[in-house]
Amino acid sequence: MDKQQIKEAAAKASEDYMENALIMSGPRGSYRKGFIAGADWRINSVWHDADKELPDCGRHVVNEDWFDFIAKDEKDLKRILKKYPFKQWAYIDDLLPERKEESK
């Protein structure tokens with residue numbers, strides 16, 4: 001997902017959350033629950049369903065068991081899938097925070 005897709009998906013997820021939210025105890029409780037829901041959404045948004053989508057070759061990937069790999073090509077990916085079957089995966093760089101150096 002690129003940054004624009006993340007923003008759009010986050011906006012949609014927040015609308016869905018607000019539509020389905022239970023009555024919350026005052027504004028502070030609303031902010032807290034909304035923040036937690038947003039954090040949960042962001043964590044879960046990077047995980048892909050292996051039955052629907054396979055990772056790109058040449059990118060560092062981790063599965064739900066935290067086995068990480070980089071498939072060199074399609075043949076290598078098939079070998080990995082056969083030896084280490086998994087249901088979910090994520091790109092490592094999607095799990096890491098952006099590190100922007102501040103210029104002084």
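**Strand pairing, helix α3 and selected residues**

W66 is exposed, with a relative accessible area of 56%. In this predicted model, W66 belongs to the loop that runs between β2 and β3 (68-69). The phi angle of W66 is near 65°, which is a positive value in a residue other than glycine.

Strand β4, formed by residues 88-91, pairs with strand β1, formed by residues 48-49. These two strands run antiparallel and are joined by two bridges. On the β1 side, D49 has Q88 of β4 as its bridge partner. Strand β4 also pairs with strand β2, which spans residues 61-63. Three bridges connect β2 with β4, and this pair is likewise antiparallel. Strand β4 is therefore paired with both β1 and β2, since a pair requires at least two bridges between the strands, and this number is reached with β1 and with β2.

N63 is a residue of strand β2, and its position is opposite W89 in β4. The relative accessibility of N63 is 2%, so this residue counts as buried, the cut-off for that class being under 20%. When neighbours within four places in sequence are left aside, the residues in contact with N63 are W47, F86, Q88 and W89.

E64 is located in the loop between β2 and β3. Its relative accessible area is 28%, which makes E64 partly exposed. This value falls in the partly exposed class because buried residues are under 20% and exposed residues over 50%. Along the chain, E64 and W89 are 25 residues apart; their C-alpha atoms are separated by 6.1 Å. Residues up to four places away in sequence not being counted, E64 touches W47, F86, K87 and Q88. Two backbone nitrogens are reached by the side chain of E64: that of K87 at 3.1 Å and that of Q88 at 2.8 Å. W47, F86 and Q88 thus appear among the contacts of N63 and also among those of E64.

Helix α3 comprises residues 74-83, and D76, L77 and I80 are buried in it. Viewed down the helix axis, the buried residues of α3 fall within an arc of 100°, so they line one face of the helix. These buried residues pack against β3. The face turned away from the buried side of α3 carries E74, K75, K78 and K82, which are exposed. The N-terminal end of α3 is capped by D73. In this cap, a side-chain oxygen of D73 lies 3.2 Å from the backbone nitrogen of K75, a residue that also belongs to the exposed set on α3.

Helix α2 covers residues 26-45, and S45 lies in this helix. The relative accessible area of S45 is 17%, so S45 is buried, the cut-off again being under 20%. A polar atom of the S45 side chain is found 2.9 Å from the backbone oxygen of R42.

Methods:
Residues numbered from 1 in each chain as written. Predicted model: local features only at pLDDT ≥ 70, side-chain atom pairs only at ≥ 80, totals over all residues. Heavy atoms only, no water. Helix = DSSP H or I, 4+ residues; strand = E, 2+ residues; numbered from the N terminus. Buried < 20%, exposed > 50% of the residue type's maximum accessible area, 1.4 Å probe, protein only. Contact = heavy atoms within 4.5 Å. Polar contact = N/O pair within 3.5 Å; in protein donor to acceptor, adjacent residues only side chain to side chain. Arc of directions from axis to C-beta.
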